[in-house]
Amino acid sequence: MVTNSITRRDFMRTTAAAGAGLLLAGGTRALAQIDPAPGKKLNVALVGFGAQGRVLLESLLIIEGIQLVAVVDIWDYARTYAEKYLKKMGVEVRTYENYEDLLAGEKDLQAVVVACPDFWHAPVTNACLNAGVNVYCEKMMSNTIEGARSMVQTMRSTGKLLQIGHQRRSNPRYLFALSRLLHEAKICGRLTAAQAQWNRAVAEDFGWPKKAVIPPGTLAKYGYKDMHQFRNWRWFKGLGGGPLSDLGAHQIDIFNWWFGISPRSVMASGGVDYYKTHEWYDNAMVIYEYPFPDGVARAFYQVQTTTSAGGGYFEMFMGDEGSLKMSEDPKLSAIYREARAPSWDALISKNYIRAQAAPYAPAADTKVDVRETAQLAAFDIPVSFNKKPHQPHLENFFNAIRGKAKLNCPADEAFRSEYVIHKANEAIAAGRRIDISASEVEA
Amino acid sequence: MDPARPNERPPMIHVHNHYAMATTFQVRIAGEEATYAAQAARALFDEVDRLENLLSRFRASSDISAIARLAPGETLRIGEDTCACLAIAREMETATEGAFSITAAARQTQPEPPRWTLDAARRTIHCETGALEFDLGAIGKGFALDRMAVELAEWECPAFLLIAGGSSILAGDPPPDLPGWSVGLGDEGSEPRHWLKQGSLSGSGIAVKGRHILDPRTGAPAKLRDRAWAGAPSAAVSDALSTAFMVLPEPDIVRLMTGRAEWQACLQDAGQWRVIGPAPAAIQ
């Protein structure tokens, strides 16, 4: 996308280079496949048509070269909604109650997008991979470490592609910032800390229209005690992982991705202090220690679901020469320069950063002008993109199926992040610091 | 309840508030169990948040922001909600002969209104000229109210009143034992009161933001009157109409409303009130 200070061609070249650099650095990226049928549209099914399924659908409907052929959901209300909505969009799909019926009924599927509740991710993903279908699975990979590990193992044994939905890994702004600013320009200097957060205001539990009740037998068949648990599965142990896995998963993954290593320990505090009908923690505060050769960098993460205060959702990397605050929302992103840092003029000239306002730079001679206190220098990332937040990550997945890309977040890479997210919940329960070895984060 | 005393709220009305689209949305549901009404309200607020992500020009990943970044000659696929909202906007631009337009603000930075075409069947928008800097401020909230009502129908809560920032309201059935929802035109507690049911009412004016409404045909601030209200079955339509009525001379309003029995206009100039058009069934 064109921005004020970077041309479309420059941007394409820059982000492509950023992506390529990351691919080389990643090392263990899943190998691209050979396009099985050049020019043919990929047949895609969506498993799970809840809130996240609807978000992904909006991207699936505008990505070129794919055909949504089926939607799966155990809730007939959701299936009917999907059919009606897609008909308005001019898309005819077949609907199924579960993934087994899907795989029995659809014999020409190239990809399945999994957006059902976390505790179904591993069974659905493993079955699809074993049926020879590539899978894009929403994070968390699973509600258990064992489930996530099984998905990596199935990916390896089948040779099919398994992309995990940490969509920031394909976000051009994130790719640019990591490759050009953090790695190439070392804009933060030596990284000493990171901080991320995502807070949400109190909300009523999800309900359901009276006419849309699922029979108890069906609920039990799919692992739910009742409709309340079905609609609010994220809050229940055995089904989801609470706010740390719902919101924290995205951002703790950025800690691992941008630091380039896994933490050696985690300590955390949290509790079920507010809601009376939930099992997972309302609020959580987590500290990871990332061991670098020149010293430890600590990363603090907070997710509160009893207040939305705190300035929105972002990940901030802090060093001795600058801080880089990233968010999916560009308005929440900024770069701050430490007074001791070398000049950033060259970075401005190269369109790597853009000054929000002329920085205060008094002349170093005998004169001085006195006026209002100058603002601290702040800079923008001059990159934007004209797509929905999940679209580039889905496109990366489909391009990988066609043999035109490598996955930006294959399951084995995602496992390293998701392992330490599970450990944060474990640290809260244990009430103590938990050490994490380099070997245990490997699937 | 006496409509002259609107503050006497019947006991079975459940009220829930939510911040979205730079204002406060309120849902009032009558005649339902409290928890059920609260969960229905949450579903409606989720719908508003979803629409804001698509329609806000202040959200970088919204459809409206993506459309604003189109260069002349480019085409973009958009979602059903955005397409439906833009279709209504285009329809109302035609119906008001340009007195309402979502490119009114763009006239301040562009010499000519940007031109665009919408392909509703393919869900695409094409930028012909200029930059499509749409501002849905005068229609987006009403569109959200309409979509909230669709969602509420799924919950089978017929007696409701939906409010967006006080300037647009959409009523379903009245509360039990009442002929409608008590509505006044103007400031809190204004007289006379009216009963509203199964319809929408929107207001525009200078009381809060000054003369912020721009005439899309000239790009200049609207100066004809102080306040205008519009009634219509749809909140998106009444939202667009009340804005248009701020810039249209009265004879033009009368002419445009000919044959539009479902529309109503109320104008206020220097303290003088005039109602134009037949009072629709929604407002008694």
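Two residues are taken to be in contact if their C-beta atoms, placed from the backbone, lie within 7 Å. On that basis, in this predicted model, the contact between the chains draws 22 residues from chain A and 18 residues from chain B. On the chain B side, helix H1 (residues 34-55) is the top contributor, giving 6 residues to the face that touches chain A. That face of chain B is a mix in chemical terms, with 8 nonpolar, 7 charged and 3 polar residues.

Turning to chain A itself, its secondary structure adds up to 16 strands and 14 helices. Some 47% of its 443 residues count as buried. As for how the chain meets itself, take the contacts in chain A with a separation of 6 or more: 73% of them pair residues that sit 24 or more positions apart.

Then there are the nonpolar cores. The largest has 123 residues, and the ones touching the most other members are Leu46(A), Val47(A), Leu60(A) and Val113(A). Helix H14 (residues 411-430) of chain A supplies the largest share of this core, at 9 residues. The core lies between domain 1 (26-166) and domain 2 (170-388 + 411-435) of chain A, because both of them give residues to it. Val47(A) shows what such a spot looks like: leaving aside residues up to four places away in sequence, its partners include Val72(A), Tyr99(A), Leu102(A) and Val124(A), along with the run Val112(A), Val113(A), Val114(A), Ala115(A) and Cys116(A). A second core, separate from this one, has 81 residues, among them Phe134(B), Leu145(B), Ala222(B) and Met246(B).

Definitions and conventions. Residues are numbered from 1 along each chain as its sequence is written. Chains are lettered from A and ligands numbered from 1 in the order in which they are written. This is a predicted model: local features need pLDDT of at least 70, side-chain atom pairs count only at pLDDT 80 or more; totals for chains, interfaces and linings use all residues. Helices (H or I, at least four residues) and strands (E, at least two) are DSSP runs, numbered from the N terminus. Ala, Val, Leu, Ile, Met, Phe, Trp, Tyr, Cys and Pro count as nonpolar, Asp, Glu, Lys and Arg as charged, and the others, Gly among them, as polar. A residue is buried if 20 or more other C-beta atoms lie within 10 Å of its own, exposed if 12 or fewer, and partly exposed in between; C-beta atoms are placed from the backbone. A nonpolar core is a set of buried Ala, Val, Leu, Ile, Met, Phe, Trp, Tyr and Cys residues joined through C-beta atoms within 7 Å. Domain bounds come from an automatic or database domain assignment.
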